Amino acid sequence: MPLFDRASAPVETSPVEAGARPHRRARRLLLFCVAAISTALAVRASLTTGEADSLCQADRQYLWDVEHVAFVMEQKAFPLLKKALVAADGETLKSFLAEDFRGELPFDDWSTAYADSRIAIRKKSLEGGRVRTVEAGALVDELLSWRRLLDEGREGCQAEIGLVRLSPVDRNDLHGPWTGLWRVRLAGKSQGRLTEVSFRLRLQIGPLDEDLATRRRWIRAARVESAQTAQAEEPLLADVTARSGIETRRMYDNWMAAEKQLGGTGGIYLLDYDRDGRLDALVNDIAAGILLYRGTGDGRFVDVTGDSDLPRVSPTGRNGELTPSVADLDGDGDEDVLLGRYVYENLGNGRFRDVTGKCNLRIQGAAAIVAADYDHDGRIDLYETHTHAPSYRQPSKRPDKVAWIDGGWGYKNVLWRNLGDWQFEDATDKAGAGGNGGSAFTAVWLDANNDRWADVLSINEFGRNALLINQRDGTFRQIEDIDPVFGGFSMGAAAGDYDNDGNMDLYVSNMYSKAGNRVLSNVDPAAYPPALYAKITEATVGSKLYRGLGDGRFEVAPPEKALREIGWSFGPAFVDLNGDGLCDVYSTAGYVSYERGKPDG
């Protein structure tokens with residue numbers, strides 16, 4: 001029997017009832033997505049191995065019941081806890097703790113984890129350190145001492161609590177004790193400095209019911225696993241859009257648009273089209289069209305689209321449809337521009353000429369076009385990826401279909417070999433460069449084995465990523481096990497040497513969902529074969545940093561947790577943001593946001 005009637009699996013509802021329960025609909029949508037992932041994987045496995053099936057009704061009901069408790073905790077109890085933290089209200093905080101409460105705190109004091117002229121980070125952790133056992137009052141006093149690091153009052157303090165994990169101790173007893181993991185963050189100012197305090201709490205709680213927010217004494221034990229403070233005099237990155245000269249008001253803004261765009265809205269591509277040593281920017285936007293900005297070298301840009309002879313409106317008439325790329329395709333030392341299958345030659349005088357008619361490239365529907373000289377013939381070649389079937393390909397006439405998860409759906413990437421004089425050869429099959437195809441948002445060229453030949457990593461949203469090692473004879477060898485678990489559900493990739501050891505490393509941005517991870521942690525591993533269960537639980541864990549070993553092999557690198565939890569990431573980049581000679585990671589977070597400043601995707 002369900003723990004709560006309202007938590008049972010979805011039933012038919014009237015439009016009025018559905019509209020009156022937006023939070024319930026959101027909860028159902030989350031579980032539907034997770035169930036869809038696990039069911040799709042299970043169906044794929046059953047087709048190939050005859051072993052698996054989707055979750056049984058009892059297991060699905062269990063997930064619904066647990067997630068309903070999580071929803072009540074997030075929506076009803078957490079606001080009260082956050083309010084008490086912000087107000088430094090110790091009595092209210094203690095009222096949630098049981099009479100026989102016991103807490104565990106790191107015994108050691110704060111230690112400096114990182115410091116430079118702009119930011120200082122301190123940490124303490126139970127891992128490898130001494131533990132201090134405390135009663136309710138002492139734990140609350142400790143938390144309030146951290147709150148008081150933000151000394152400018154409750155108006156300037158923000159509190160967040162994330163429910164990372166929640167499970168009953170006994171799957172068969174939802175009315176008994178539970179365990180949970182919370183991530184707490186406080187942000188504000190201290191003596192004028194920007195200050196953040198964050199910590200992770202492992203809890204024993206329960207019993208839990210619909211009246212959780214009005215009940216007291218339901219937290220039985222809490223263990224502070226780790227804590228961190230960060231302080232800076234000013235934001236690490238400043239918004240300079242207004243003085244940059246880039247007219248973002250002309251571009252598509254999901255927060256301002258009447259209809260939200262869930263797909264791609266265009267992109268920004270850096271180049272030095274006039275060879276003056278200053279970076280310029282090519283913009284493709286579904287609202288503004290094609291824009292070329294010349295960099296002036298002082299952080300400002302000038303719109304030179306009209307003088308460049310590039311089309312301000314996409315050649316198709318539908319802005320944002322075509323993926324641009326910049327590369328020296330004719331070998332004259334300056335960068336030419338691709339707009340999908342449309343090709344523009346850089347004349348070297350600030351202007352471009354349409355040479356599509358003399359070029360045999362047939363790029364259509366590309367998600368990304370990345371350039372390198374893979375065969376060392378002195379001409380720049382192109383690698384094309386897709387998120388759907390290219391319209392010009394003819395699957396009935398050639399075997400373009402490749403694996404999705406373990407087989408059955410997808411389309412190969414395309415390798416275009418530059419023959420010179422604007423002529424290209426589709427060398428995909430001959431070179432063995434199709435990769436795993438599928439939904440590949442991008443690819444990245446790198447030297448994975450230090451032989452000075454270009455290898456390529458192709459990511460896959462719905463299957464394994466593919467690392468293609470250049471064999472130096474015009475062909476590639478595909479490495480299937482760059483990630484021993486799965487390595488898919490990827491949205492972006494970047495290559496760079498983050499640890500300065502001379503080997504190229506990889507950062508791959510993957511799907512991340514805190515709630516999805518929580519749901520999947522409550523899936524019974526016995527419901528699936530071990531290999532399949534490993535893939536299912538990998539589906540929402542987030543981004544990964546891979547450390548290159550210099551011989552074409554990679555290993556998942558620490559700090560794994562921090563990099564994974566940034567959010568559902570697209571378009572990452574390695575860049576030295578503070579000029580210390582080390583590669584930092586910049587990665588976006590969130591899929592689509594309906595309120596400015598709230599990445600709620």
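Among the contacts in the chain with a separation of 6 or more, 57% are accounted for by residues 24 or more positions apart. The model from which this value was computed is a predicted one. The chain has 601 residues, of which 48% count as buried, and its secondary structure comes to eleven helices and 30 strands. The accessible surface of the chain amounts to about 28,500 Å², with 51% of this area belonging to carbon and sulfur atoms.

Strand β11, which spans residues 289–295, pairs with strands on either side of it in the sequence, β10 and β12. With β10 (residues 280–285), the pairing is antiparallel and extends over five bridges; within it, aspartate 285 has glycine 289 of β11 as its bridge partner, and the two strands are joined by a hairpin through three residues. With β12 (residues 301–303), β11 again runs antiparallel, here over three bridges, and the bridge partner of glycine 295 in β12 is phenylalanine 301. The hairpin of β11 and β12 has five residues between the strands, and in this hairpin glycine 297 takes a positive phi near 95°. Strand β11 itself is mostly covered, in that six of its seven residues are buried.

A further antiparallel pair is made up of β13 (residues 324–327) and β14 (residues 336–339), which are joined by four bridges. In a regular strand the side chains alternate between the two faces of the sheet. In β13, Pro324 and Val326 point one way while Ser325 and Ala327 point the other way, and all of these residues are buried. Serine 325 has leucine 338 of β14 as its bridge partner.

An open sheet is formed by four strands in the order β17-β18-β19-β20, with antiparallel pairing. Strands β17 (366–372) and β20 (423–426) stand at the edges and have a single partner strand each, so that one side of each is left without a neighbour in the sheet. On average, and with direction ignored, neighbouring strands of this sheet are turned by 25° against each other. Within the sheet, strand β18 (residues 381–386) pairs with strand β19 (residues 414–420) in the antiparallel sense over three bridges, and glutamate 384 has valine 414 in β19 as its bridge partner.

Among the helices, α9 (residues 514–521) has six of its eight residues buried and is therefore largely enclosed by the rest of the structure. The buried residues of this helix are Ala515, Gly516, Asn517, Arg518, Val519 and Leu520, a set for which the criterion is a relative accessible area under 20%.

Aromatic side chains were also examined. A pair of aromatic rings is described by the distance of the centres and the angle of the planes. With ring centres required to lie within 6.5 Å, the count comes to ten aromatic pairs. Ring pairs link Phe78, Phe96, Trp182 and Trp218 into a cluster. One member of this cluster, phenylalanine 96, also has a charged side chain over its face, that of arginine 216, at 4.8 Å from the ring centre. Another arrangement of this kind involves arginine 171, which lies over the face of tyrosine 62 at 4.0 Å from the ring centre.

Terms used. Residues are numbered from 1 along each chain as its sequence is written. This is a predicted model: local features need pLDDT of at least 70, side-chain atom pairs count only at pLDDT 80 or more; totals for chains, interfaces and linings use all residues. Side-chain values use heavy atoms; hydrogens and water are left out. Two strands pair if DSSP finds at least two bridges between them. Axes are lines fitted to C-alpha atoms, for helices over the stretch in contact, and angles run from 0 to 180 degrees between N-to-C directions. Rings of Phe, Tyr and Trp (its six-membered ring) pair if their centres lie within 6.5 Å; planes under 30 degrees apart count as stacked, over 60 as edge-to-face and the rest as tilted. A charge sits over a ring if NZ of Lys or CZ of Arg is within 6 Å of the ring centre and within 35 degrees of the ring normal. Buried means under 20% relative accessible area, exposed over 50%, partly exposed in between (1.4 Å probe, protein chains only). Contact means heavy atoms within 4.5 Å. Accessible areas come from the Shrake-Rupley method with a 1.4 Å probe; for residues, only the protein chains shown count as cover.
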